[in-house]
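Student: I'm new to this one. Can you walk me through it?
Tutor: Sure. Here it is.

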Number of protein chains: 2
Amino acid sequence: MINAQQLQEIVGEDWVITKREQMESYLVDETAVAIRPKPADNVILVKPASAEEISEILKLANRELTPVFVRGGGTGICGGAVPIRDGIVLSTERLDRIEEVDRANLMVVAQAGVAFGAMLKAVEDAGLFFPPHPGAENAHVGGLVACNAGGVRAVKYGVIRNFVRGLEAVIPTGEILMMGGKLLKNNQGLDLMHLFINSGGTLGVITKVIFRLCPKFISSGTLVISYDNRHEAIDTVPEILQSGITPLAIEYVERNVIEISARRLGMRWPAAKGQAFLIVMLTGDSEDEVYAQGERVSNICEKHQAVDILIAERKEEQADILKIRSEVYSSLKDNVADVLDITVPPASIGVMMDKVDTIAQRFDTTIPTYGHAADGNLHPHLMRDLHERGILRQVKREIYQEAIKLGGVITGEHGLGVVRLPDLDLCPDGKTWELMRGIKRVFDPNNILSPGIGLL
Amino acid sequence: MINAQQLQEIVGEDWVITKREQMESYLVDETAVAIRPKPADNVILVKPASAEEISEILKLANRELTPVFVRGGGTGICGGAVPIRDGIVLSTERLDRIEEVDRANLMVVAQAGVAFGAMLKAVEDAGLFFPPHPGAENAHVGGLVACNAGGVRAVKYGVIRNFVRGLEAVIPTGEILMMGGKLLKNNQGLDLMHLFINSGGTLGVITKVIFRLCPKFISSGTLVISYDNRHEAIDTVPEILQSGITPLAIEYVERNVIEISARRLGMRWPAAKGQAFLIVMLTGDSEDEVYAQGERVSNICEKHQAVDILIAERKEEQADILKIRSEVYSSLKDNVADVLDITVPPASIGVMMDKVDTIAQRFDTTIPTYGHAADGNLHPHLMRDLHERGILRQVKREIYQEAIKLGGVITGEHGLGVVRLPDLDLCPDGKTWELMRGIKRVFDPNNILSPGIGLL
């Protein structure tokens, strides 16, 4: 195993931490406490400043056969950043420079440790727009790519994957790869860049990201549509999508959940009526266009028994609604034992919610469920009572089985990390896990990088 | 080596062809004659009807160590479907069923051998829309995915990759994999589906594809903007993109090229003035919206010395313009020795065209160049005189070097195939080729599937 002195020789004395009390926040992520993996006892934290230093660390780790766990912003919720074996935590936080916002090419070049919120601000200051919005603005851009983050704005523009144009990464054997570039088309061989997206830090350490940007939309509006009944809300969604309008986002939340988040933020949820809500975000080239879209969406919702429709046009009002929605998980976290991330074909989302209800009734619990209604991506929250009653895993597996029966997967945007590995036996396999492990060996023959994360 | 009888036992007598004269069209693709790879002498053509039959063929080939070359529509232009070693040509043409156009999920499920044009028609008949439009409508959908086809409509919606949601493929060891599904989000481990996209038939035989669809746009318009000068046209493009309007397509063509295509089709190129043209395709939720976009694009073009602007609103007029553009390569093919596919950062496309001009002058030739102006993807055409003078490769390599200096790649949408492999030494490597070859071995340990294509 590597010792601190060897690391100090690479990064300097100030950037190697060995005292446990100085690294507590680096040993956990945002995973709910009940299922959070336990960090190993003997861990050294290292903070390199460049891809070259990371290369030296990985070469050393490969020689000494020492596990290295990559860490970005630590905002993941499936244990993917937790050092579960004795070894090194490699934080990319010092790679924090936005190298360029390139207006002519509509691209941003950012080092892996740049906070997502800082990147958004730089992009906005340049008069441009980065569409995806995974919840946590303290996530790092390298982590967003490593996890292929999703979030609320994937309806119109898709997930992070669609915006990655170039990646620099250091592989476990020490080579620094540059994949892609400021390019919109690239068919030069097998696409290693797309393989890195959602590799969860198991194939290499991402050090730099090139994202595609969009011109700023000229106008936007957010509708909050209230229903008395969850299924009336959900049934509206396919009809909106088929109408020819593609909103930036269509979110589904229920009153009990969204009000907890609003209260925690000291804000007010704007809809007075109804129990179930669709949040529809619209963007367009002009105010008139957004207004016309809003009218058409409203007409569809009224046909489906909407009891109230609020239209937020001012930027601040819209930001408040997104903020309350984004902070739902943070506000529930203390009472939640596990947050699921099932994804089913989008038209099956109503059926899936029925299944979750039935399971909740059978186990005499409540399972708050919200999610990205137009993406088929739902986050049922399993509460702490299930953990205390010793049936958390059983309830989870029943929900997973229903999702898989509908053609779904057990994780749409949060990833496998550590916490989802024990239930992979439920997923149809073929030979896919064996192939994934084979690919892992090509990049990491000694299995030093984030061992035990994602790939079994 | 496998013999015909072994194959007949799997697929039946009618579907194994051994007579050379009955398989001539299966031994070539659309690659220009001057650089087309020579097919091997001893080839058996087999036409299986299902993934299960393909699995049996691959298991047999693995046992007998016989190369198998996968063939879709044969419309590729880099030799990727040509059997360059003795062995089997496996055509997926009998997997020709569109299994479902799923309106509720906005997805189409098609077997690999479905012709692209047939799929487009089925989608349109269901009132939906598939945005990408790679030129050849006789391409097969499996091939579109294997090559990650691009085409003219990638500005607004991206390339084929963005629309693939699920894939079924048979790997060389015989297992049938189902990757993805009718899913908009899927983070369940390393993304093998994205690895298959642009694998060019080297990792497995794609047998079924699930594509995402869009609702039909309500209105569209196509502008043909005429310029006297190529650079005035090209300089307009970034300004259009930054204005907040994202056209479906922005194409660049010159009169000498586009008129050859129009004449061959017995059609008329509608622009009387100018030598250099931008074709801008716009879509929107209403006629008013498209009209407003058209006005804004026109204003930008007029500032950049456009000499004429035609607006086609009728569907037939627009289809004619796309048709003439789509058939440019077919119409030039007889006089072309090689069509390049360089891609540079989009803002560098003007500089890149200057470089091509300079090289053309230096070698005393003309190099017709057209392409997807907003994507940075250019197709310089090297004419037969260069082949006859023995300097084809030299000119090509000089163009490649300039593209690479600008941060570009030697293929944006056509792929490596066979014809681009000898010039890979020009591309920055790191360890990428070695990693690609390692991945290939994971899927195909005996190197039986399309050996010599794409991955060296």
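Student: How many residues does each chain bring to the contact?
Tutor: Keep in mind that this is a predicted model. Chain B gives 76 residues to the contact, and chain A gives 76 residues as well.

Student: And how much area do chain B and chain A bury between them?
Tutor: About 6300 Å². Carbon and sulfur atoms make up 61% of it.

Student: Which residues of chain B lose the most area to chain A?
Tutor: Lys185(B), Asn187(B) and Leu190(B). Together they account for 15% of what that side buries.

Student: How many salt bridges are there across the interface?
Tutor: Eight, between chain B and chain A. One pairs the side chains of Asp375(B) and Lys185(A), at 3.0 Å from N to O.

Student: What about polar contacts, how many residue pairs?
Tutor: The count between chain B and chain A is 34 residue pairs.

Student: Which elements of chain B give two or more residues to that side?
Tutor: Four helices of chain B: H6 (192–196), H7 (230–242), H9 (287–303) and H15 (432–443). H15(B) gives the most, with eight residues.

Student: What's the mix by class on the side of chain B that touches chain A?
Tutor: There are 34 nonpolar, 29 polar and 13 charged residues.

Student: New topic. Inside chain A, how do H7 and H12 pack, parallel or antiparallel?
Tutor: Helix H7 (residues 230–242) of chain A meets helix H12 (residues 349–362) of chain A at an angle of about 155°. Their axes are 9 Å apart. An angle over 145 counts as roughly antiparallel, so that is what H7(A) and H12(A) are to each other.

Student: Which residues meet there?
Tutor: From H7(A), Arg230(A), His231(A) and Ile234(A). From H12(A), Ile349(A), Gly350(A), Met353(A), Asp354(A) and Asp357(A). By class, that contact has three nonpolar, two polar and three charged residues.

Student: Back to salt bridges. How many over all chains?
Tutor: The search of the whole structure finds 65. In chain A, the side chains of Asp102(A) and Lys182(A) form a salt bridge, 2.9 Å from N to O.

Student: Where do Asp102(A) and Lys182(A) lie?
Tutor: Asp102(A) is in strand E5 (residues 98–102) of chain A. Lys182(A) is in the loop between strand E9 (176–180) and helix H6 (192–196) of chain A. So the pair ties together parts that are 80 residues apart in sequence.

Note on methods: Residues are numbered from 1 along each chain as its sequence is written. Chains are lettered from A and ligands numbered from 1 in the order in which they are written. This is a predicted model: local features need pLDDT of at least 70, side-chain atom pairs count only at pLDDT 80 or more; totals for chains, interfaces and linings use all residues. Side-chain values use heavy atoms; hydrogens and water are left out. Contact means heavy atoms within 4.5 Å. Buried area is the accessible area (1.4 Å probe) that two parts lose on being put together, summed over both. A salt bridge is a side-chain nitrogen of Lys or Arg within 4 Å of a carboxyl oxygen of Asp or Glu. A polar contact is a pair of N or O atoms within 3.5 Å; within protein, one must be able to donate a hydrogen and the other to accept it, and residues adjacent in sequence count only if both atoms are side-chain atoms. Ala, Val, Leu, Ile, Met, Phe, Trp, Tyr, Cys and Pro count as nonpolar, Asp, Glu, Lys and Arg as charged, and the others, Gly among them, as polar. Axes are lines fitted to C-alpha atoms, for helices over the stretch in contact, and angles run from 0 to 180 degrees between N-to-C directions. Angles under 35 degrees count as roughly parallel, over 145 as roughly antiparallel, 65 to 115 as roughly perpendicular and the rest as oblique.
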